[in-house]
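User: Hi! Could you walk me through how some of the labels for this structure are justified?
Analyst: Happy to. Here it is, and then we can take the labels one by one.

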Amino acid sequence: MAVTVHPLPADVQGVSPPCQFTYPFCYEPHPLCIAAADGVRRYLDQHPEWHDELQRGKMFGVLIVEGAFLAAFSGTLDGKTQHEYFVPPVFDLMAPGCHFQEEEAAISIINHKIAFLEASLKPSPLRQQMQEELAAYKVFMQQSKAKRDALRQSSSLKGEDGRGLFLIKESQHQKAEFRRLKQVWEQRISKEEAPLREQEAQIAQLQEERQERSQALQQWLFQQFRFLNALGETRTLPELFSPAVPPSGAGECCAPRLLQAAYREGLKPLCMAEFWVGASPKDELRIDGHYYPACNSKCRPILRHMLKGLDVEPNPLLANQETLLSQLHIIYNNKELAVVSKPAGMLSVPGKEELPNVQDAMRQMFPWATGPLIVHRLDMDTSGLMLVALTEEKYHELQDLFLRRRIHKVYHALLEREMPVGQEGDICLPLRPDIDDRPRQMVDPKHGKPAQTHYRVLANKDGHALLELRPITGRTHQLRVHCAHPLGLGNPIVGDRLYGKPAERLMLHAYSITIETPNSPLGGVMFNDQCSMFNDKA
């Protein structure tokens, strides 16, 4: 299938492309990408037959080349992997005559055979008769035992007495008779169910064949996904994910499709963006019209290869890391405890890359400190107060207080839209990690861990609601998901690049921490960060 290149709208023809290609895992869409995305949405509006599918939600992407753009969708659209308006997949597993289709059909036949054999596995009716007769004999044995016990209690029978020996032998005889009866029944049933054993053997053989063919097909499919980069190099999925097994659906997202099409056509990629159309899935959190970074588990190894040879802008999350150290303030400390105010963009603990973080900074400031130091964490994007234990004893004490919920945190958050001042309530949405796109979290009533947040609307500022958030539990991204999810407030925090719209920063600030201390006259000690970002940002 030929690649369709679309001209950019006239009103952005004079807009200059960026100097560097988009860093796909954290970006703000370029005006050219926004214009191209609008063009894709207009095209989608011309296809009412796709309306229901699009309402359920799908990711689309655009790639800007010189004076034009390419468009892509993830997975399938209308049950197809190819449509004229969009770039083709890296590998079309739905192409007629494809080995994948033929082998998948063969595996489907095996599934039908297994289902048929399993449905015809009917046990012998003798089993029910056996259960009834054995159950009746057990009742008889229990009644006999009760009579023997009563006889023993009403007389002074001894084991060596003739009558006592008779009772023992009666018990032994009944137990032996029960075993003999059961054995006779099992022999009769085994003979009658001999054909069933043959069917079970057939099922086991078919299941083994299915597993072998499925694994072989998966490996074959992985080898068919061959990704180019700007240097002309090609790598397969197994090579890119080695030694791990590629996740299902790897290579079928928008970003790899767009870059592959551009390289095949000899086009130079200038910038790229991916955006969501339709309703949010029940488990993930996606908002119609919002732009999203490429996923980590499926796309990062692929794009790491495909971006080679392009001048890619640096990760904006890593910019100005050194200056963040000067913004890390200690608002209180004694020999046991320090309370610090972390700036947005700084890690709480060391990560995969050697970046400034609170833990290392505290080691330098308090070289005599013992223990792990960091008692709890804040997201990299979140600013505000953190407790730092300077002794191992204090660390364990604070950990215990957190476990017993004797430490209370209050956050301030600026949300995208206004809300009624004074409104308050509790949000209870269970959360779990999105294993395909960490660190994103998902709402999952079945497998998620309980998560509860109390909120109160403090004010409205310049079209945004200012909220006080009190987390009752401490799940990853709890406040961000509870604000953004439709079953929560349905109102993302300003600057939330994962669950809302990117901005200069995430407007979420850990404003205060209260530690319950029974020995204190006030019943606790509170630390406030008076330099809240909202004093000058909102």
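**Reasoning behind the labels**

Analyst: Pro243 sits in the loop between α7 and α8. Please keep in mind that this is a predicted model.

User: What makes the peptide bond from Ser242 to Pro243 cis or trans?
Analyst: Its omega is near 5°, and the bond is cis. Most peptide bonds are trans.

User: And how do you know which form the bond from Arg438 to Pro439 takes?
Analyst: Here omega is near 10°, and this bond is cis as well. Pro439 is located in the loop between β13 (431–433) and β14 (441–443).

User: Why are α8 and α9 called roughly parallel?
Analyst: Helix α8 (residues 254–264) and helix α9 (residues 296–306) pack at an angle of about 20°. Angles under 35 degrees count as roughly parallel, and the pair therefore earns that description. Their axes are 10 Å apart, and α8 passes α9 in a left-handed crossing.

User: Which residues make that contact?
Analyst: From α8 come Ala255, Pro256, Leu259, Gln260 and Tyr263, while α9 supplies Cys299, Ile302, Leu303 and Met306.

User: How many residues of each class are in the contact of α8 with α9?
Analyst: Eight are nonpolar, one is polar and none is charged. Tyr, Cys and Pro count as nonpolar in this scheme.

User: How do you know what span to expect for helix α1?
Analyst: The expected span is 1.5 Å times one less than the number of residues. Helix α1 (residues 31–45) has 15 residues, and the expected value is 21 Å. From the first C-alpha to the last, α1 reaches 21 Å, close to that expectation.

User: What does the same check give for helix α6?
Analyst: Helix α6 (residues 194–224) has 31 residues and an expected span of 45 Å. The model gives 46 Å, which is close to the expected value.

User: Which residues of α1 are called buried, and what covers them?
Analyst: Buried means under 20% relative accessible area. In α1 the buried residues are Leu32, Cys33, Ala35, Ala36, Ala37, Gly39, Val40, Tyr43 and Leu44. Their cover includes α2 (51–55), β2 (58–65), β3 (68–73), β6 (271–277) and β7 (291–292).

User: Which residues of α6 are buried?
Analyst: They are Leu196, Gln199, Ile203, Leu206, Leu217, Leu221, Phe222 and Gln224. Among the elements that cover them are α3 (99–119), β4 (226–228), β5 (234–236) and α7 (237–241).

User: What makes the phi of Asp78 worth a remark?
Analyst: Most residues other than glycine have a negative phi. Asp78 is not a glycine, yet its phi is positive, about 60°. Asp78 belongs to the loop between β3 and α3.

User: What is the phi of Arg405, and where is this residue?
Analyst: Arg405 has a phi near 55°, again a positive value in a residue other than glycine. Its place is the loop between α12 (392–403) and β11 (407–414).

User: Why do Asp78 and Arg405 count as partly exposed?
Analyst: The label applies between the 20% limit for buried and the 50% limit for exposed. Asp78 has 37% relative accessibility, so it counts as partly exposed. Arg405, at 47%, therefore counts as partly exposed too.

User: Why is Pro350 called partly exposed?
Analyst: Because its relative accessibility is 41%, Pro350 counts as partly exposed. Pro350 lies in the loop between β9 (337–342) and α11 (358–365).

User: Which residues does Pro350 contact beyond its neighbours within four places in sequence?
Analyst: Those are Asn357, Gln359 and Asp360. The C-alpha atoms of Pro350 and Asp360 are separated by 7.4 Å, with the two residues 10 residues apart along the chain.

How values were computed:
Residues are numbered from 1 along each chain as its sequence is written. This is a predicted model: local features need pLDDT of at least 70, side-chain atom pairs count only at pLDDT 80 or more; totals for chains, interfaces and linings use all residues. Side-chain values use heavy atoms; hydrogens and water are left out. Axes are lines fitted to C-alpha atoms, for helices over the stretch in contact, and angles run from 0 to 180 degrees between N-to-C directions. Helices (H or I, at least four residues) and strands (E, at least two) are DSSP runs, numbered from the N terminus. Angles under 35 degrees count as roughly parallel, over 145 as roughly antiparallel, 65 to 115 as roughly perpendicular and the rest as oblique. A crossing is left-handed if the near helix is turned anticlockwise from the far one by less than a right angle, and right-handed if clockwise. Contact means heavy atoms within 4.5 Å. Buried means under 20% relative accessible area, exposed over 50%, partly exposed in between (1.4 Å probe, protein chains only).
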